[in-house]
Amino acid sequence: MPERKPIQHQCSFCKRVIEVHDQYDLPIYDPNTRHVFADQLDDMLQKNKPHIIKQYLDEYIINQDHAKKILSVAVYNHYKRMKYGYEHEDGTEIEKSNVIMLGPSGCGKTALLSHLSKLLDIPFAVTDASSLTEAGFVGADVEVAVRNLYYAADKDVEKAEHGIIYLDEFDKIARKSGANNSITADPGHEGVQQALLKMLEGSVVEFTQRGQRKHPEAPTIKVDTKNILFIVGGAFVGIDKIIAKRLQKSSSIGFGAEVQGKDEQPKFDELIHQVRPEDLMEYGIIPEIIGRLPVICTLETLDEDALLRILTEPKNAPVKQYEKLLAMDGVTLDFEEDALRAVAQKAIERKTGARSLKGIIEDVMLDVMYEIPKSDEKRKVIITKECITDGAKPKVEAAS
Ligand SMILES: Nc1ncnc2c1ncn2[C@@H]1O[C@H](COP(=O)(O)OP(=O)(O)OP(=O)(O)O)[C@@H](O)[C@H]1O
Ligand SMILES: [Mg+2]
């Protein structure tokens, strides 16, 4: 077997070249990196103050101010905790504040976290919890979440150990039948939750390299999850009914009160903001996990005005993107206000939040983008309300 050299790596915090992996590409612990990392923390704290993080998120995500604040503070505290951990060895501990996010489909949960991940200096990995299965079942083991983080940290264990893991679609690992149904209920999902719990509790997770099959002699990488911040999110479809039921029970003094409550039908958002740990338990998340997710963050349903702003305001707003594309053909794009409103209304009918906005616009824009390049003339394309509601052709005028 040809001799392989240990792998050297330039530390992203201090730019010093250190030996990080042995000849098998496995990490070597280097105690010096700890101090180097700590030196950089002051700088990172300055750069990641909550209001700065929120400002950045504001450029891409409309509304959801409460969620933005919670996430900004969670990240800032995560940095603080790192600093505290490095500087104080006096036994006091600042506990982790893992976050659970709930909100309707298409309201920006995944989008928020994916933008947040681009901003941060620490490794951040998103893993789809619905793809996880209990060890032994077909699918990905829970360790995959930590492995993704390890790769996001450029295979630097020390960095990975201070990263953030976002588990998306977290509601999909709920026990199908909730707390009431016991023995026969869904052992696979419960197994995933038990495995995740170990991670949330801060155990050392062991996994093999990507593409390497698991077998007893396969070299493994160990990552301590003690300092990893976990954020989980999901739509938790149907949890509003669980909350409503609980509220009704607690408010009903007698039979009459219960009947009255049924008629009122409180709105989804009002209910979801009142979510409590016991509702999540009822939904099918085991209590031990809920105990490890102390910060509950709810997102709001996007109304017509919010959807309208999503079309035009964010840095990556769909309308801005189409304007840029058509400008390259020498064409100005003009979306009439009525047309934008019609797009928003159509999206509301589809009940998938902002998710369907792009598709609705794309339906209209496809023909425009196909036809326009046929000529090099400078023109103006006007999208009217009828283009959205009745499939009318966009107006094309000679550019003034
Ligand atoms: N508040 C928002 N501001 C700007 N864009 C948004 C917002 N909410 C959603 N979007 C857009 O809609 C798309 C779908 O949103 P996202 O994937 O974040 O939904 P989600 O909340 O994760 O839903 P689900 O529970 O179905 O996964 C995103 O690509 C994003 O561009
Ligand atoms: Mg999502």
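Let us begin with ligand 1: domain 1 (92-298) and domain 2 (304-398) both give residues to the shell around it, so ligand 1 lies between them. The domain bounds come from an automatic or database domain assignment. What you see is a predicted model, in which local features need pLDDT of at least 70, side-chain atom pairs count only at pLDDT 80 or more, and totals for chains, interfaces and linings use all residues. Residues are numbered from 1 along each chain as its sequence is written, while chains are lettered from A and ligands numbered from 1 in the order in which they are written.

Which residues are closest to ligand 1? They are Ser105, Gly108, Thr110, Ala111 and Ala354, out of 19 that surround the ligand (a residue is near if its C-beta atom, placed from the backbone, lies within 6 Å of the molecule). Helix H4 (residues 109-119) gives the largest share of this shell, three residues; helices (H or I, at least four residues) and strands (E, at least two) are DSSP runs, numbered from the N terminus. Sorted by class, the shell has nine nonpolar, eight polar and two charged residues.

Now turn to the largest nonpolar core, which has 100 residues. Such a core is a set of buried Ala, Val, Leu, Ile, Met, Phe, Trp, Tyr and Cys residues joined through C-beta atoms within 7 Å. Here buried means 20 or more other C-beta atoms within 10 Å of a residue's own, exposed means 12 or fewer, and partly exposed is in between. Among the members that touch the most others are Leu149 and Ile165. Isoleucine 165 has contacts (C-beta atoms within 7 Å) that include Leu149, Ala145 and Phe230.

Leu149 and Ala145 are among the buried residues of helix H5. Seven of the nine residues of H5 (residues 144-152) are buried, so the helix is largely enclosed by the rest of the structure. Just after H5, aspartate 154 takes a positive phi of about 50 degrees.

Valine 205, in strand E6 (residues 204-208), touches Val146 and Glu143, among others. With 24 C-beta neighbours inside 10 Å, valine 205 counts as buried.

Finally, a word on confidence. The protein chain averages a pLDDT of 84, and 80% of the residues score at least 70; pLDDT is the predictor's confidence in each residue, from 0 to 100. Over residues 180-185 the pLDDT stays under 50, and over residues 254-265 it is below 50. Where pLDDT is low, the predicted coordinates should not be read in detail.

Definitions and conventions: Two residues are in contact if their C-beta atoms, placed from the backbone, lie within 7 Å. Ala, Val, Leu, Ile, Met, Phe, Trp, Tyr, Cys and Pro count as nonpolar, Asp, Glu, Lys and Arg as charged, and the others, Gly among them, as polar. Lists of a residue's contacts leave out its neighbours within four places in sequence.
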